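Here are some notes on the model, set out as numbered points. They take up a strand pairing, a helix and a pair of domains in turn.

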There are 2 protein chains.
Amino acid sequence: MNKVYVIAQGGGPTAVINQTVTGAVLATREHDPDARFLGARHGVRGVAGGDYVTLSDLSEADLMRFANTPNSGLGSTRDKPDEDYCQRVLAGLDQAGASSFIYIGGNDTSGTMAILDDAAGDEMHFVHAPKTIDNDLVENDHTPGFMSAALFVANAFLSVDLDFRAMPGVYVGIVMGRHAGFLTAAAAAWRRDESDGPHLIYVPEVPFTEGQLVNDIRGVLDRHGRCIIAMSEGVQTADHRPLAETLIPAHLHERDAHGNLQLSGGDLGQALGLAIKDDLPGVRARVDTFGYLPRGFLGTVSEIDGAESFAVGRFAAEASRQGSGSVAQQYENGETALKLVPLGAVANKTKRMPDDFMRPDGCHLTDTGLAYFRRLLPPRPDTWTPFV
Amino acid sequence: MNKVYVIAQGGGPTAVINQTVTGAVLATREHDPDARFLGARHGVRGVAGGDYVTLSDLSEADLMRFANTPNSGLGSTRDKPDEDYCQRVLAGLDQAGASSFIYIGGNDTSGTMAILDDAAGDEMHFVHAPKTIDNDLVENDHTPGFMSAALFVANAFLSVDLDFRAMPGVYVGIVMGRHAGFLTAAAAAWRRDESDGPHLIYVPEVPFTEGQLVNDIRGVLDRHGRCIIAMSEGVQTADHRPLAETLIPAHLHERDAHGNLQLSGGDLGQALGLAIKDDLPGVRARVDTFGYLPRGFLGTVSEIDGAESFAVGRFAAEASRQGSGSVAQQYENGETALKLVPLGAVANKTKRMPDDFMRPDGCHLTDTGLAYFRRLLPPRPDTWTPFV
């Protein structure tokens with residue numbers, strides 16, 4: 001009987017997540033042309049429900065078009081299976097006759113795979129293929145999908161800095177990232193010196209106070225006449241309150257039936273706008289929430305990210321013939337090296353920015369941090385420094 | 001004595017505004033190699049204050065690097081000169097020995113030029129060179145800078161639509177545009193059929209009600225399981241109240257000393273997020289404010305926009321040797337044609353989207369509207385339609 005592989009995508013999408021699917025299917029086609037390769041719709045939900053696309057029926061040309069399309073083309077899910085759900089997933093894999101299940105996702109996804117692997121017999125192999133724009137997987141130097149999102153963010157801040165040189169003021173760009181500040185910090189990758197924006201970066205790893213922000217902004221305005229800020233949406237105070245909660249005047253708080261403050265994506269932006277207007281009267285200020293824009297933007301897909309994500313898919317398919325584990329993009333001797341690490345080593349853990357990435361002032365990258373992001377991104381575009 | 005040209009940039013920047021400067025300088029160098037070409041810093045402010053860069057001293061290579069850098073490299077201003085200010089500008093031009101003043105900007109800029117031209121003698125020529133991402137200048141088929149901003153918006157909505165196919169919900173992207181909806185409507189340029197996002201577009205030209213929005217969203221969710229919305233930040237109700245004001249619950253209104261509601265960029269986003277949460281409970285919703293991102297983004301500069309903006313600069317410099325006027329990008333026999341029209345024909349007027357661009361339902365482009373945006377943008381990227 002022909003071998004059957006199942007692949008699925010979980011969590012938020014990236015610009016290159018379909019590269020990993022195509023890499024896995026084409027590697028398998030080379031090794032075993034008769035294998036069936038099924039793509040489950042909407043992650044484990046499709047596995048449990050037997051909802052598949054037969055990817056092995058597609059031509060290489062179609063698979064490459066799929067690879068070059070951003071965002072999860074098989075659909076995704078945020079389902080976190082409990083024991084009962086896991087049994088249905090295992091039954092689904094069994095019914096499909098699968099012996100390999102590859103699940104592309106972040107730390108939640110690797111957690112699901114660890115549970116499935118524990119519950120299943122040895123003849124079924126579970127391989128987690130990494131992807132996340134948050135870049136927050138342990139064991140990985142960087143994660144597939146991060147470079148493309150970071151390329152959007154770096155482009156955005158270089159462009160906005162040029163914009164604000166022409167007409168000075170304060171700009172805050174709020175970037176996704178609840179626990180790890182990598183994507184926000186990538187805003188500074190193309191800075192050449194202190195006069196280039198972003199002048200201040202705030203990440204979840206560093207406790208935050210409004211007083212500090214206002215002082216920081218005043219200092220930058222004095223020195224450079226404008227102030228460009230990159231801020232993670234997950235920034236919080238030392239007592240772990242979301243920044244938006246501390247900034248919104250109490251009489252404007254809206255609480256639900258349980259007394260919990262209701263905060264949505266744009267709230268931090270609005271709160272910051274109000275705070276800057278109050279504390280720095282007369283200063284032109286603008287706050288934009290980048291939100292979903294960086295994560296699958298067609299105009300800034302990193303070629304290296306695409307190639308690496310494809311290679312991760314190849315590696316995952318090959319590894320899944322031998323056993324279970326999590327594919328990790330490590331960095332050795334100046335290049336990216338793929339390893340298979342135990343699922344438990346990655347599952348449900350969050351990597352944060354190393355302490356030596358941020359200066360003691362909490363709002364600038366160190367040379368070490370800068371070198372990391374520069375290594376991952378293409379060179380800064382050759383722009384002319386404005387005459388003002 | 002050598003002829004002296006002065007050029008300046010006013011209002012918000014575009015991705016290609018420096019192309020117009022370089023076009024003007026290089027055209028003048030061809031025609032009159034000994035002419036001096038001065039760039040005023042921060043628009044008319046630099047002219048009045050005698051604050052210049054000598055652009056004619058730059059090499060062609062440097063001028064081309066400058067051209068390929070987004071956002072106003074000479075600095076900009078929002079100053080709207082009164083009679084007294086105009087006299088200082090005229091004195092500044094006189095002191096520089098200039099006989100041509102080229103001012104790159106939108107309708108406010110052309111208004112300033114009309115005043116200056118009326119106040120000055122015949123030997124001084126004033127030429128307005130168009131630019132605006134709002135695309136709202138009369139006499140122009142489209143304006144330099146619009147295509148690049150529109151390319152960002154089209155890319156963003158195609159990417160977000162793929163994102164939300166993978167994990168359904170409601171997405172609202174808020175796009176700049178106080179009076180004209182062109183940039184927002186460009187979101188729909190790459191739609192192939194009713195199932196492609198954006199499913200709904202709301203522009204300032206069409207009066208808006210919250211009830212209508214909720215009904216529209218419900219209908220789209222029923223048909224497609226997700227709903228992608230492009231909305232102008234300038235959307236308003238039939239009685240000309242900003243949408244944000246009508247959506248924010250009255251007890252959350254913050255008013256200034258004059259009783260005016262304080263609204264900032266992110267307010268519409270936050271208000272919409274709350275309204276959708278209230279009216280469509282349980283629906284996953286996300287609102288992002290694109291803000292400044294589309295207008296000078298390095299990753300989506302349109303090549304045709306760059307070439308046209310350069311040509312506008314050449315034409316402006318040549319025209320300024322003969323007399324005053326506003327350069328207009330018209331459309332004749334299937335191509336863009338440059339004309340010099342009277343300053344008064346453009347000054348302070350706002351072009352809105354033609355009535356036949358929107359369907360009677362007020363939230364979809366007609367075929368005529370669609371054809372216009374398709375003509376201006378490159379072909380839709382060849383993406384694979386997701387399996388879900």
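1. In this predicted model, Ala328(B) has Lys339(B) of β11(B) as its bridge partner. The pair belongs to a hairpin, and the strands concerned are β10 (residues 325-332) and β11 (residues 335-341) of chain B, which run antiparallel and are joined by seven bridges.

2. Two residues lie between the strands of the hairpin of β10(B) and β11(B). Asn333(B) has a positive phi there, near 50°.

3. Helix α3 of chain B covers residues 60-67, and its buried residues are Leu63(B), Phe66(B) and Ala67(B). Viewed down the axis of α3(B), these buried residues fall within an arc of 100°, so they line one face of the helix. The general background is that an α-helix has 3.6 residues a turn, so residues three or four places apart point the same way.

4. What lies over that face? The cover of the buried residues of α3(B) includes α1 (17-31) and α11 (303-319), both of chain B.

5. Turning to chain A, the assignment divides the chain into domain 1 (4-145 + 302-346) and domain 2 (149-297 + 354-376). Between the C-alpha centres of domain 1 and domain 2 of chain A there are 33 Å.

6. To the contact between these domains of chain A, domain 1 contributes 13 residues and domain 2 contributes 13 residues. How do the residues on the domain 1 side of chain A divide by character? Four are nonpolar, seven are polar and two are charged.

Technical notes: Residues are numbered from 1 along each chain as its sequence is written. Chains are lettered from A and ligands numbered from 1 in the order in which they are written. This is a predicted model: local features need pLDDT of at least 70, side-chain atom pairs count only at pLDDT 80 or more; totals for chains, interfaces and linings use all residues. Two strands pair if DSSP finds at least two bridges between them. Helices (H or I, at least four residues) and strands (E, at least two) are DSSP runs, numbered from the N terminus. A residue is buried if 20 or more other C-beta atoms lie within 10 Å of its own, exposed if 12 or fewer, and partly exposed in between; C-beta atoms are placed from the backbone. The arc is that of the directions from the helix axis to the C-beta atoms. Two residues are in contact if their C-beta atoms, placed from the backbone, lie within 7 Å. Domain bounds come from an automatic or database domain assignment. Ala, Val, Leu, Ile, Met, Phe, Trp, Tyr, Cys and Pro count as nonpolar, Asp, Glu, Lys and Arg as charged, and the others, Gly among them, as polar.
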